Amino acid sequence: MTTIAMLRIDSPRARRTRIGALLAGALLLGACDMDIANTNAPTIDDLVDSPTRDILATAATGIFARAFNDVGTEIQFYAIYGREGYNLDGNDPRDVDEQVAGPQNAAARSGAIWIGQYNAIRHINTYLAALPNATGLSEAEVRASMGFAKTLKAWHFARLAIRTGELGIPIDVDRPISEEPAPFVSFADALEYVSDLLDEARDDLVAAGGAAFPFPVAPGFDDFDTPARFLQFNRALAAKVLVYRATFNDCSACWAQAATALSESFITDAGLPGSLSLGVYYGYTGLADEFSNPITEPLSGNQLWVHSSIVTGVQRRGDGSPDLRFTRKVMDSGRVHTYKELTGTHKPVLYNNPSNRAEPNPAAWVPWITNEELLLLRAEIRWHTGDKAGAISDIDLIRQHAGGLDPTSLTPASSDDEFIDELLYNRLYSLMWSQGVRWIDARRYDRLDTLPIDRPGDQIFTNMLVPAAECAARGHDVPCTPLTAQSN
Amino acid sequence: MPKRRKTPWLWLALLGLLLPAELAAQGRSITGRVVDGATMQPISNASVSVVGAPVANAALTDAQGRFTLTVPEGQVRLSVQALGYVRMEVEITPGQSQFEFALQPDVFRLEELVVTGQATTIDRRSATTSIAYVAGDDVKRVTSPTILNAMAGKLTGVSLQTNSGAPGGGIQMQIRGTNTLLGGFDPLFVVDGVIYSNVSIPGGRGFANQAANAQMEADAVNRIADLNPADIASIEVLKGAAASSIYGSKAANGVVVIRTVRGVAGAPQFNITQRIGISTPLRNYESRRWTREEALEWFDEDVVNYWFTEENPNPYYDNAAKVYGQRKPSYETIVDVRGGTESTRYYASGTVSREEGIERNTGAGRQSLRVNLDQEFGSKVDLSLSSAYNRSVNDRGWNNNCNNYACHGYALAYLPSFIDISRRNPDGTYIDPRQFTIVKSNPLQLAELGVNHEETNRFTGGFNLGWNALQTDRQSLRFVAGGGVDVFEQANEVWTPNELYFEQSEVFPGEAIQSGGRSLYHNWNVNAIHTLDGEGWSAMTSAGLQYEDRRLTTSMIRTQDLLPGQRNVNRGTQTSVTEELEHERTIALYLSEQLRLFDSRLLLQTGFRAERSSVNGSTDRYFVYPNASVSYRFMDLLGEGSEVKLRVAYGETGNQPLFGQKFTTLATPKIGGRRGLAVATDAGFEDIEPERLKEVEVGIDGIVLDNRLTWELTGFVRNTTNLLLERVPAPSTGFSSVPFNGGKIRNSGVEFALGVTPVRSADMTWVSRVAFTHYVGKVVDLAGQPAFFPAGSGFGGLGQTRIEEGKSITQIVGYTFTPDGGRSASMTQLGDATPDFRVGFVNDLSYRNWNFAAVLDWQQGGNVVNLTRFLQDANATSPDWATPEGQRRFLAASRVITEPYVEDATFVKLREVSVLYDVPVSVTQSIGLGLRHLRLGLTGRNLFMWTRYSGLDPEVANFGATAVRHPLDITPYPPSRSIYFNISVGF
């Protein structure tokens, strides 16, 4: 290069100045700190690289917060699919078109509420990866944290598996975003994975012994704030999933396992009817920048309506008044509201202000799993494992304490169908508008054709679809069935 | 006039090579004079030299313009140069020994030095790329809100977009098309070597007015508004990648290099300029007249009876004229002094200006103080210092988009003209329009009580220290260290008190916002420049290191539900706060080589910049931006003294990733009173890289007809690859978006600049310039991503930009009518924001002591989305609503069909006019007082607009501060014309 040749024949002084400049340059290049952190928000490195006790505690709070993802939306969607009610406020025609008449649209409602769970799962996986490197935590506390995280992770997968049913879901999602998307697994395999994960969590919680959680629990977990008590919540979820497997996936061995799991949960006969509400809840607070109950509105609102079949199908008490559960949870709006030929007269008020049920209550808690549900599960399990008398007595407990109804006329000699009818009635009125019970029960007991159709052309759907974005990311057309595409 | 002989250029080149390195001791002597070709006055300090000989052997003319030069025997070629004049090269035959050179004033600024590197310059006529140049005088002649406004119509390849007609700025510059989709879109501004911040920090008006996208629609002022046009000496726009490659990954959108006025040796010269003027609307909102029957169709009977009375059966009130009826005088006072000795030169100036707006209680003001100092220490060391303090104030008013009727134009679009908003209630307050319509705001009440105030304090200072380490006949070695600081603090206050009618309708009445930003930019560099001169050639090598640091913190405290009458942010119940920091650091080294061969006819320039930055995924990696360009000048090709230059240039620049794109942040959801951490749904891309722009530029420039005609013709093609894009990963990953590098866009175009001096005589000079620009941009490849709407693309379904593979980058899409009058199923292209071409005409006529100048700006084609008319149509207030065309549009508005609202933006605007009179020397001398000159004048800005566009101004953009921008008219501040009377005295 000309320059260098020129400078070689320069005076020594020029050479010295050139060297000096180069040295200064080297110093400049090397000395500066080029790693400027993003201080606007914590980054994932804060969580993974140096997890201290405090950081992990805030991450655990994040896990609790992420559990709220799509709770309200799911309840509303499933309520429509199972005809527990309709959304008639007219803001978006898809509420009564796509969701009721179809066709299902993977790019719209039918493919929604998927990313909420997977984002929660990614956060939990990040937390689980950080735990082994944690500082400031004892071994027992680490196990306790793992048990907690795995329980919630399993529950998110359970919700996803139920949602798409036979289409399956991807499970092995704990991978970098640059890798191929995880393969789909079948409905049965997905729920088996959930059961195994819940059992792993149980082992972690047992190993934690008497240690306390190294983080505060969220509202709704008030009675389950120690590993020992949390374990009972874990077993309750495990029993529920096993019953799903027994009915959805024809897993006959699951009934006995469900019985075992249920016996280790917080189920109790004592203290009824008060103890019916014992359990874990989604603890909405209604505070600014926290979560508000999304399924509550004033009686004058037009969005939430209870299906007329629930009004007409209610059983009567001895004195002729309706089932107490109905009286508590449903209220006559005093008018007839119609939107696109669907009508509503009664509204769900179970999340409204208890002292003035015409008023909404943004701080109303939504049940996650309660003793009432566990007793109903026990009835179901007992019937299917041969203890029909025990099943009927459990039904009667619920009828009496929750509904104020006379005992059932069922006997151990009654047919399966008769028992299922009574079981599903009680499950509906005990658990309506909290988890899509009518739709899920109709699916697993093959009774979708018993759900009411109010307009010609309306459909009852079997499951939700794989979201369009998931199909697009895998190079499929929309709608897609990746499970079948994989096996081809 | 002495004769000049034509000489074939080839022989000339050979001759140049054959000239001996040293002049023979015996030669001959040439004497002569150098004079101004127009006035025939002598020129002192002109340099006369032999082409190809060392510069040190040049002769300088004395005060009478005389010189004596020793030249070798035989034919020689002489070069004569003087500051402000066009260089002249002349063949001297062996017999000639006396010569008179008449130099022409450099009206086309060909001799100006333009930057080629951090510390190197080149004269413009030799430059190997197209560099737009605006002299300081052209920027100062007519008062303008910012220097960018003053550049309209004068440059090729540059597009300027104002956000609205509000005083004090809010204008974006785009060079050679849209060069990014989601990345940074602003050119780099460098003032006296200091990187100058041009951020725009929104002030919160968008929140108070519930604009859909509050921050983007706040009509913020970008901070170039702080720079005082009165201090500008020159502005260069480095358009091509080859030219701006030296600035690396901040330069993909072009670089604007600004130099301020410096001192001149001599006795101190004072100048005082006083301007006083007034602004009036260029166009204003118009509203239809209603008959009583028409009113009854839209309004309740009692409302109609209230306004249509017996005394006033046909009420019509021009409410817009009342809102935009402020006519306060604007003024500007500039005082400056320059002077010095050979070794010390200074320039100091102070400016106070106030531009009053046409909307009530709006206006902008600027106070600035500058001191520039140049000091030489002996012959080896020189130091130049620049420092400026500036304070800008802006009351911007209430315009653009709202969702609570609290923008004036918005309310006016909904209010029928039979309602008089200036009527007052018995208690003195303005009437409440809610009694009569759904409109919740009385614009006059808002103008009276609302506060939308911005104040910025800024300091910019820099230095350049040069050391001539080595200086011989043949070579020189110079070291330059330089750098500087640009720091500002902007504070905004927005207050919409509880008494305002639209606040009374809110769940949480009353809103107060305190927001602002603190910015600190500093950059430092060291450079070494080595030059070597030979026989007919020279080589200049420069190398250096640079360090740049840019830091910006913005914050906002927003409170609603105020205590009545209170405006502090701690006097409400609903308070939210935000804070955000951006910080970026770059280290770079560069190397560049400039070779002049064949007596400077051939110029070769090449070099590269290697830089690493903290915003890249890999902060250790150096990204290299090379450039290479060549130009050759054909002398006397088209007549004696003519020059035709061919140039080809290739360069690469980059566009940095945005701060934070490489991080995956955690969200902080709150539950049970506790904050948690959770992985957010926006992933970061840890290997993110800058975008890369590669451009090829070719051009032919010419200077003919005795410097009376010059032209510059340039064609360019530029591809930007590795774009910063976002893709949607599989939702099962838990993420809904992740940035990545990919895709490609292309911009190509033609620029043509023509300069003509049709008249050049002792009494009169007429200089005419034309600047023509045409370019197109296309999305070539989107890396498999589906079409998407970029940030600030507009309102859903109402004329948006959409990025789609194979389409123009700036296409505007929307819905059309189906044959049966319904709405089309999907959105199709309805227009394009990029015009067919733009032409600027600048004419400058001097006759004796008079000077007339005018700048005309013509845009042909391009589209603007007129949502003001959409609102008016939907509410039956557009002036032609009752006509068939108006009714067709009314139908479109009710069905959200955009097609009738995408209008042709063709316009011709008379941007500047000035008439100046220099009082004759005889008169100034008789006045005495040491008066050197006295100049009177009338100047005007935006005086006329000819356009078929039905709205206020086809150039406004609601979402102006965005990469892919398009003119979008939604009830903006109306444009105004201003006229100033100027008086300027010099002592």
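This briefing walks through selected features of the structure above, topic by topic. The model is a predicted one, and chain A has an average pLDDT of 91. Most of the details below belong to chain B, from its paired strands to a nonpolar patch on its surface. Across all chains, a search of the whole structure turns up 101 salt bridges, and a few of them are described below.

**Confidence in chain A**

- In chain A, 93% of the residues reach a pLDDT of at least 70.
- Residues 1–10 of chain A are another matter: their pLDDT stays under 50.
- For that stretch of chain A, the model has 9 contacts beyond four places in sequence.
- Where pLDDT is low, predicted coordinates should not be read in detail.

**Strand β23 and its two partners in chain B**

- Strand β23 of chain B covers residues 475–496, and 16 of its 22 residues are buried, so the rest of the structure largely encloses this strand.
- On one side of the pairing story is β22(B), residues 451–471, which runs antiparallel to β23(B) and is joined to it by 20 bridges.
- The link from β22(B) to β23(B) is a hairpin of 3 residues.
- Strand β24 of chain B, residues 511–533, also pairs with β23(B) in the antiparallel sense, here over 22 bridges.
- B:A491 is a handy residue to follow through these pairings: it is the bridge partner of B:E455, and its bridge partner in β24(B) is B:G516.

**A short buried strand, β12 of chain B**

- Strand β12 of chain B spans residues 171–175, and 5 of its 5 residues are buried, so it too is largely enclosed by the rest of the structure.
- Both faces of β12(B) are covered, with B:I171, B:M173 and B:I175 buried on one side and B:Q172 and B:Q174 buried on the other.
- The antiparallel pairing between β12(B) and strand β11 of chain B (residues 158–162) extends over 5 bridges.
- Within this pairing, B:I175 in β12(B) stands opposite B:V158.

**An open sheet of 3 strands in chain B**

- The strand order in this open sheet is β44-β43-β47 (chain B), and the pairing is mixed.
- At the edges stand β44 (902–904) and β47 (968–969) of chain B, each with a single partner strand, so one side of each has no neighbour in the sheet.
- Strand β43 of chain B (residues 863–866) runs parallel to β47(B), and 2 bridges join them.
- B:N866 has B:D969 as its bridge partner in β47(B).

**A closer look at B:L69**

- B:L69 belongs to strand β4 of chain B, residues 66–71.
- Its relative accessibility is 2%, so B:L69 counts as buried.
- B:L69 and B:S29 are 40 residues apart along the chain, yet 5.6 Å separates their C-alpha atoms.
- Beyond four places in sequence, the contacts of B:L69 include B:I30, B:V48, B:V50, B:A58 and B:L78.

**Salt bridges in chain B**

- B:D382 and B:R478 form a salt bridge through their side chains, at 2.8 Å from N to O.
- B:D382 sits in strand β21 (residues 381–395) and B:R478 in strand β23, both of chain B, so this pair ties together parts 96 residues apart in sequence.
- B:R478 is partly exposed, at a relative accessible area of 25%.
- Another salt bridge, at 3.5 Å from N to O, brings together the side chains of B:R609 and B:E548.
- Because B:R609 lies in strand β27 (residues 602–613) and B:E548 in strand β25 (residues 538–562) of chain B, the pair ties together parts that are 61 residues apart in sequence.
- B:R609 is buried at 1% relative accessibility, and B:E548 is buried at 6%.
- B:R609 also meets B:E611 in a salt bridge of 2.8 Å, N to O, and both of these residues are buried.
- Elsewhere, salt bridges with shared partners form one network whose members include B:R176, B:K239, B:E697, B:D701 and B:E751.

**A nonpolar patch on the surface of chain B**

- B:F270, B:I272, B:V335, B:V923, B:I927, B:L929 and B:F987 make a nonpolar surface patch of about 600 Å².
- Two elements of chain B, β17 (266–281) and α13 (921–927), each give two or more residues to this patch.
- B:L929 is in the loop between α13 and β46 (933–947) of chain B, and this residue is exposed, with a relative accessible area of 73%.

Key: Residues numbered from 1 in each chain as written. Chains lettered and ligands numbered in written order. Predicted model: local features only at pLDDT ≥ 70, side-chain atom pairs only at ≥ 80, totals over all residues. Heavy atoms only, no water. pLDDT = per-residue confidence, 0-100. Contact = heavy atoms within 4.5 Å. Patch = residues over 30% accessible without salt bridge, like charges linked within 9 Å, V, L, I, M, F, W, Y side chains within 5 Å. Areas by Shrake-Rupley, 256 points an atom, 1.4 Å probe, with all protein chains shown as cover. Salt bridge = Lys/Arg side-chain N within 4 Å of Asp/Glu carboxyl O. Helix = DSSP H or I, 4+ residues; strand = E, 2+ residues; numbered from the N terminus. Buried < 20%, exposed > 50% of the residue type's maximum accessible area, 1.4 Å probe, protein only. Pairing = 2+ DSSP bridges.
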